[in-house]
Amino acid sequence: MYLVHIENAVKKFYANDSEQIIRNRQSERTYHFRIAKYLSDEIEINNIVLDDISKMYIDCEFNMDGQNRKENNNGNKVYPDIICHNRKYGDDKKNLFAIEIKVRSSGSDKNKVKEYMDNQNYSEGYCISNINKNSFTIIIINSNNTYQKNTYIKSSQNSGQFSWSRRQDPPSSL
């Protein structure tokens with residue numbers, strides 16, 4: 001499970017970028033890029049590989065699978081916000097996880113991520129949402145059509161640093 005790496009990436013975003021990006025109400029793509037940057041660092045630092053050959057990469061809006069465009073159940077093109085994969089094709093292709101990001105509520109993104117898991121064979125799926133000054137949510141999408149919501153709340157400490165507490169809701173059906 002890659003949740004700890006995603007948590008760390010979002011926390012780095014808060015430590016380094018959130019004040020300017022959230023306060024200035026930047027585009028969602030700005031959030032995608034900054035969080036993906038920290039997630040890429042996290043994957044490289046922890047040397048996440050599937051085997052001796054397959055280095056894993058973090059990409060934003062990567063919409064191709066070989067020569068074919070990624071599509072949803074209705075045949076429409078899809079552009080996952082962030083993915084972790086090995087950039088290979090055919091039998092060598094490995095998709096670890098897909099993430100959708102919404103500054104506000106996750107809305108239908110849970111279902112989009114589940115489709116990525118089903119159609120593109122991502123092992124795990126996540127939604128990062130409700131991103132505001134003092135909190136954010138990560139929803140874990142499970143392969144059995146359930147999800148689990150984790151809300152992270154920032155609290156200040158004396159030294160100007162902050163810590164995070166996590167509230168975990170019970171699993172729910174998609």
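1. K102 is partly exposed in this predicted model, with a relative accessibility of 27%. The side chain of K102 forms a salt bridge with E28, and the closest N and O atoms of the two are 3.7 Å apart. E28 is in helix 3, residues 28-45, while K102 is in the loop between strand 5 (95-101) and helix 4 (109-120), so the bridge ties together parts of the chain that are 74 residues apart in sequence. E28 is partly exposed as well, at 24% relative accessibility.

2. A second salt bridge starts from helix 3. R29 pairs with E61, with 3.3 Å between the closest N and O atoms. This pair also links distant parts of the chain: R29 belongs to helix 3, E61 to the loop between strand 1 (57-60) and strand 2 (64-65), and the two are 32 residues apart. R29 is exposed, because its relative accessible area of 58% is over the 50% that marks an exposed residue. E61, at 26%, is partly exposed.

3. D59 and R87 form a salt bridge too, with an N to O distance of 2.8 Å. D59 sits in strand 1 and R87 in the loop between strand 4 (82-85) and strand 5, so far as the chain is concerned 28 residues apart. Is D59 buried or exposed? D59 is buried, since its relative accessible area is 12% and the limit for a buried residue is under 20%. Its partner R87 is partly exposed, at 36%.

4. Some salt bridges share partners. E28, E100, K102, D109 and K112 are joined in this way into one network, which includes the E28 and K102 pair of point 1. Over the whole structure, the search finds 12 salt bridges.

5. The aromatic residues come next. The structure holds nine aromatic pairs. One of them is formed by Y2 and F97, whose ring centres are 5.4 Å apart and whose planes stand at 40 degrees, a tilted arrangement. Y2 is in the segment before helix 1 and F97 is in strand 5, so this pair ties together parts that are 95 residues apart in sequence. Both rings belong to buried residues: Y2 has a relative accessible area of 17%, and F97 has one of 0%.

6. F97 has another ring partner, Y126. How far apart are the ring centres of F97 and Y126, and at what angle are their planes? The centres are 6.0 Å apart and the planes are at 90 degrees, so this pair is edge-to-face. An angle over 60 degrees is what puts a pair in that class. F97 lies in strand 5 and Y126 in strand 6, residues 122-132, so the pair ties together parts that are 29 residues apart in sequence. Y126 is buried, with a relative accessible area of 0%.

7. Ring pairs also link F13, Y14, Y31, F136, Y152, F162 and W164 into a cluster. F162 of this cluster has a charge over its ring: the charged end of K154 sits 4.6 Å from the ring centre. A similar contact has K110 over the face of Y147, at 4.9 Å from the ring centre.

8. The largest pocket has a volume of about 180 Å³. K154 and F162 are both in its lining, as is Y14, and the other lining residues include K133, D17 and R23. Helix 1 (3-16) and helix 2 (18-23) each supply at least two lining residues. Which element gives the largest share of the lining? Helix 2 does, with five residues. By class, the lining has four nonpolar, three polar and five charged residues.

9. Two backbone angles deserve a check. Most residues other than glycine have a negative phi. N121 is not a glycine, yet its phi is positive, at about 60 degrees. N121 is in the loop between helix 4 and strand 6 and is exposed, at 58% relative accessibility. N130 also has a positive phi, near 50 degrees, and is likewise a residue other than glycine. N130 is placed in strand 6 and counts as partly exposed, at 29% relative accessibility.

Conventions:
Residues are numbered from 1 along each chain as its sequence is written. This is a predicted model: local features need pLDDT of at least 70, side-chain atom pairs count only at pLDDT 80 or more; totals for chains, interfaces and linings use all residues. Side-chain values use heavy atoms; hydrogens and water are left out. On a 1 Å grid over the protein atoms alone, a cavity is a set of points where a 1.4 Å probe fits but cannot get out, and a pocket is an open set with protein on both sides within 12 Å along at least five of seven lines; lining residues have an atom within 4 Å of a point. Grid points are joined across faces, edges and corners, and a volume is the space filled by probe spheres set on the points. Helices (H or I, at least four residues) and strands (E, at least two) are DSSP runs, numbered from the N terminus. Ala, Val, Leu, Ile, Met, Phe, Trp, Tyr, Cys and Pro count as nonpolar, Asp, Glu, Lys and Arg as charged, and the others, Gly among them, as polar. A salt bridge is a side-chain nitrogen of Lys or Arg within 4 Å of a carboxyl oxygen of Asp or Glu. Buried means under 20% relative accessible area, exposed over 50%, partly exposed in between (1.4 Å probe, protein chains only). Rings of Phe, Tyr and Trp (its six-membered ring) pair if their centres lie within 6.5 Å; planes under 30 degrees apart count as stacked, over 60 as edge-to-face and the rest as tilted. A charge sits over a ring if NZ of Lys or CZ of Arg is within 6 Å of the ring centre and within 35 degrees of the ring normal.
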